[in-house]
Amino acid sequence: MRLFRSLLLTLTLLSTYGYAQDADAAADVPNQKHEYQSDVARLRKIVINSDVFLRELLSNANDALEKLRLTSLTDRQVWDGSEPLNITIKAVKNEDGPGGRVIISDTGIGMTPEELTANLKAEGTDGTNTGNLIGAFGLGFYSSFLVADRVYVASLAPRTSQNINPTQHVFSSSSDESAFEVYPDPRGNTLGRGTEITLVLNEDAYEFLDTHRLQELVNKHSAFSSAFPIYLFHQYEDEVPVEDDETSTKGDVSPSENKVSDADEDEAVIEEVADDEPEVEKEVKTKKVTVDEWMHLNPMLPVWLRDPKDVTDEEYSLFYQATFRDFSQPLAWQHFSGDIGSGVSFKAIIFLPSRLDDKFWTEALTVTKDIRLMVKHVFITNDLGNEEPLPKWASWVKVIVDADDLPLNVSRETLQQTKFLRQIKQIIVKRLIQLLTKLAKEDPEKFAKIQEVYGSVIKLGAIESAPSRDKLTALARFSTTQRNATSLDNYLENRKKGQKQIFYLADVGKPIDVLKKSVFAEKLEARGYEVLLLNEPLDEVLFQNLQRWKKIPFQDVAKAGLKFGDEDLDPEEEKESQKELAEKFEPLLKWLKAQAGNIVRDVVISNRLVTSPCAIVADEFGMTANVQKLMNAANKRQNHGKDFMQEYAKKQKLLEVNPKSPLIEGLLRRVELLPGEDEEKDFEAEAELTEVATILIDGALVRSGFDVPDSDEFFARVDRVLRRSLGVSESAKAEAIVKPAPPVDHELFETDEPEFDNRPTEPAAASGANGNGIPQFVLPDDLKDHLQIELEEVLEDEPQAMHDEL
């Protein structure tokens with residue numbers, strides 16, 4: 001069987017030795033010349049790593065083989081299962097000088113001349129982003145021109161009812177041409193079926209004529225990504241024994257033997273042999289021969305079929321990079337097998353990419369294209385449909401799933417209705433959560449990296465996925481006044497005696513260091529209580545959905561009603577002191593309430609401030625500054641007008657004053673000195689005190705995260721206070737000398753002058769030009785030999801061609 005396979009491979013590619021010479025004979029065959037679409041012409045000039053050309057071409061070959069197997073399920077005429085499916089690579093050096101070519105062949109689906117033209121004329125799409133990977137002829141083909149001066153693509157489609165007598169055709173194009181040719185192959189139908197790509201290497205790519213270099217590239221990128229065998233042709237020298245042509249025949253008799261035969265037969269002939277005489281070994285003659293061999297480059301089982309204990313981390317990373325076309329290494333993975341309970345078993349690997357796609361947060365619903373479904377090691381689809389897709393929070397995960405059996409009807413719609421496909425999505429989410437939980441417990445360092453990339457995504461999952469809310473919330477991490485990151489469970493372990501709330505402070509976009517200095521957390525931090533600091537938009541939404549964790553309610557420290565939990569343990573003297581303070585500051589509280597009546601509902605003594613003179617907090621059913629920001633942003637996106645209930649909730653605020661602040665004590669003394677109702681008014685003193693109170697209230701609004709009612713008036717008051725402190729007259733004005741604009745020009749529209757254009761002017765026609773006044777590019781003499789300009793015609797109205805397979 002091995003001999004048959006080698007013979008078949010050899011016969012399949014035997015004709016490739018003389019391909020370049022035979023291709024020249026195509027001049028006698030009518031050729032069809034086609035122009036590339038403009039996008040393709042640009043793509044072929046993109047400079048990227050030239051090493052990827054082999055990976056891309058092998059991926060295309062693998063897709064063509066997979067499509068052939070799938071198509072044969074419904075059309076046995078395409079492939080009856082008897083002929084081998086494989087990929088071959090061959091490097092051929094020129095006999096008459098340096099250089100050569102690399103030939104990549106497959107026995108896949110092949111292409112008709114029309115498909116060759118359509119697929120290679122239009123811009124391809126990368127197979128990783130298409131709805132169905134099978135047969136996608138991607139941008140990878142154009143990477144061929146990074147290493148080749150000329151590319152030939154010979155292809156022969158299988159015989160079908162629509163194509164009874166397929167003919168092998170050749171695509172031919174040069175790296176410096178904007179067009180290509182398609183013509184019948186002058187060699188005839190040499191492939192049998194499939195595609196053969198011949199790369200005539202450029203001078204910078206001669207390294208790829210070395211079979212060891214090609215083997216290195218295959219092992220790096222494609223050894224684990226294909227279920228089909230990949231063979232590499234190579235030659236080596238070996239020494240073999242030479243058979244002696246002069247052999248003795250049985251009837252020959254030497255002269256010495258004749259002499260012995262004449263002697264008396266009864267006379268014994270005694271031959272003495274020395275004991276120490278060495279036995280003479282006959283020298284074996286050898287010669288060097290050149291041996292041709294096809295090396296099987298991927299003899300190992302695909303990674304997902306192997307025992308996880310036998311797969312190294314490097315093999316997992318290489319497999320991930322080759323399969324999902326991601327050059328970065330995955331953060332983590334989980335290799336597992338299972339059974340959905342209906343007799344369908346499967347093996348799978350879940351990968352966590354090292355970065356989140358930029359479109360994740362901008363698209364309302366992300367349908368994943370990175371769940372590769374395979375059946376018996378054959379790729380089926382990476383589009384599991386829009387019905388019951390993965391939840392958005394898990395749509396970024398990359399998965400390989402290989403089922404032992406599925407009721408295949410090739411149709412993707414039929415696949416979507418199977419119980420397996422409905423349940424595999426649930427299994428993926430379950431396993432993903434298990435992987436994250438395992439890393440959180442066993443590898444905190446790696447989990448910290450996952451938090452940097454997917455921290456907000458995990459919180460999104462806790463919000464939108466009610467069945468998994470508790471598990472995902474346990475995986476969420478938050479900064480605190482005492483730690484950089486902690487879970488809610490770890491927070492509860494650090495609770496103080498009598499603490500009956502989980503304290504948190506939220507302000508979207510604020511740095512954590514700034515939140516730590518917030519007026520709302522002054523006393524909590526001074527007393528040693530830990531406060532969760534939330535600066536992401538989803539944090540507040542998550543806590544509003546949870547309401548409590550492990551039966552412990554959340555307490556926003558920016559709201560009224562803050563309780564530490566040990567108030568019942570306060571001595572009677574402290575309680576009496578609080579009552580005395582309330583009575584002492586009652587005149588100030590009433591006066592401030594009159595001043596801030598349009599901003600706050602009430603003014604009270606604070607139990608949360610230590611050094612700050614005052615703060616504005618939301619009432620129990622009011623809106624904090626952070627909630628107001630979120631609501632305003634949501635209303636702006638949805639173009640909603642003012643909502644009565646929201647406006648009412650915004651006004652439910654309290655002004656808390658710190659009775660131990662020197663500023664508040666000084667303000668109390670000034671208020672007590674104000675004349676009573678029966679006394680003569682001191683309007684100047686009242687106006688000055690009112691201005692101080694207004695600045696104090698506006699400052700409290702800003703420090704508490706709210707907007708001041710009138711920012712211009714606020715800064716005007718600050719300006720007056722600064723003038724008084726510096727001894728500058730409040731009525732003094734800046735000397736402003738402003739040059740007036742010119743008078744109105746009534747003749748502007750009556751003249752014949754050309755319309756004013758503020759666009760950059762074009763250079764005048766260069767001397768010695770055609771004399772038709774057409775603007776020319778004027779360049780210094782030293783740059784004329786270094787500038788090259790290429791112009792392309794962009795055909796916007798030309799329809800995009802459908803991409804098939806290679």
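"How many bridges join strand 21 to strand 22, and which way do the two strands run? I'll start there, since it's a handy way into this model, which is a predicted one. Five bridges join them, and the two strands run antiparallel, with strand 22 covering residues 653-657. If you want one pair to click on, take Ala618, whose bridge partner in strand 22 is Lys653.

Those two belong to an open sheet of three strands, in the order 20-22-21, and the pairing there is mixed. Strand 20, at 602-605, and strand 21, at 614-618, are the edge strands, each pairing on one side only. Going from one strand to the next, the twist averages 30 degrees.

Okay, zooming out for a second. The protein chain has 806 residues, and 43% of them count as buried. Its secondary structure comes to 23 helices and 22 strands. As for contacts, if you take those with a separation of 6 or more, 74% of them are between residues 24 or more positions apart.

Now the other sheet I want to show. This one is open too, with nine strands in the order 1-6-5-4-7-3-2-8-9, again with mixed pairing. Which strands stand at its edges? Strand 1, residues 32-35, and strand 9, residues 286-296; each has a single partner strand, so one side of each is left without a neighbour in the sheet. On average, neighbouring strands here are turned by 25 degrees against each other, direction ignored.

Over at the strand 9 end, 11 bridges join strand 9 to strand 8, residues 230-241, and the two run antiparallel. In that stretch you can find Glu239 standing opposite Lys288 of strand 9.

There's also a helix packing on this sheet: helix 5, residues 113-121. Helix 5 touches strand 1, strand 4 (148-156), strand 5 (169-174) and strand 6 (179-184), and its direction makes about 170 degrees with that of strand 6.

Let me pick one residue from there. Tyr152 sits in strand 4. Is Tyr152 buried or exposed? Its relative accessible area is 9%, and the cut-off for buried is under 20%, so Tyr152 is buried. Val182 is 30 residues away from Tyr152 along the chain, and their C-alpha atoms are separated by 9.6 Å.

On to the nonpolar cores. The largest one has 79 residues, and the members touching the most others are Phe346, Leu352 and Phe420. Helix 10, residues 419-442, gives the largest share of this core, with 11 residues. Leu352 is a nice one to display with its surroundings: leaving aside residues up to four places away in sequence, its contacts include Pro330, Trp396, Leu432, Leu436, Ile450 and Tyr454. Apart from that core lies another, of 44 residues, among them Ala91, Phe141, Ala205 and Leu214.

Last stop, a helix pair. Helix 18, residues 586-595, and helix 22, residues 683-703, have axes that come within 10 Å and cross at roughly 80 degrees. That makes helix 18 roughly perpendicular to helix 22. Which residues make the contact? From helix 18 it's Trp591, Leu592 and Gln595, and from helix 22 it's Leu689, Thr690, Ala693 and Ile697. Sorted by class, the contact has five nonpolar and two polar residues, and no charged ones.

That's my tour, thanks."

Conventions:
Residues are numbered from 1 along each chain as its sequence is written. This is a predicted model: local features need pLDDT of at least 70, side-chain atom pairs count only at pLDDT 80 or more; totals for chains, interfaces and linings use all residues. Side-chain values use heavy atoms; hydrogens and water are left out. Two strands pair if DSSP finds at least two bridges between them. Helices (H or I, at least four residues) and strands (E, at least two) are DSSP runs, numbered from the N terminus. Axes are lines fitted to C-alpha atoms, for helices over the stretch in contact, and angles run from 0 to 180 degrees between N-to-C directions. Angles under 35 degrees count as roughly parallel, over 145 as roughly antiparallel, 65 to 115 as roughly perpendicular and the rest as oblique. Contact means heavy atoms within 4.5 Å. Ala, Val, Leu, Ile, Met, Phe, Trp, Tyr, Cys and Pro count as nonpolar, Asp, Glu, Lys and Arg as charged, and the others, Gly among them, as polar. A nonpolar core is a set of buried Ala, Val, Leu, Ile, Met, Phe, Trp, Tyr and Cys residues joined through side-chain atoms within 4.5 Å. Buried means under 20% relative accessible area, exposed over 50%, partly exposed in between (1.4 Å probe, protein chains only).
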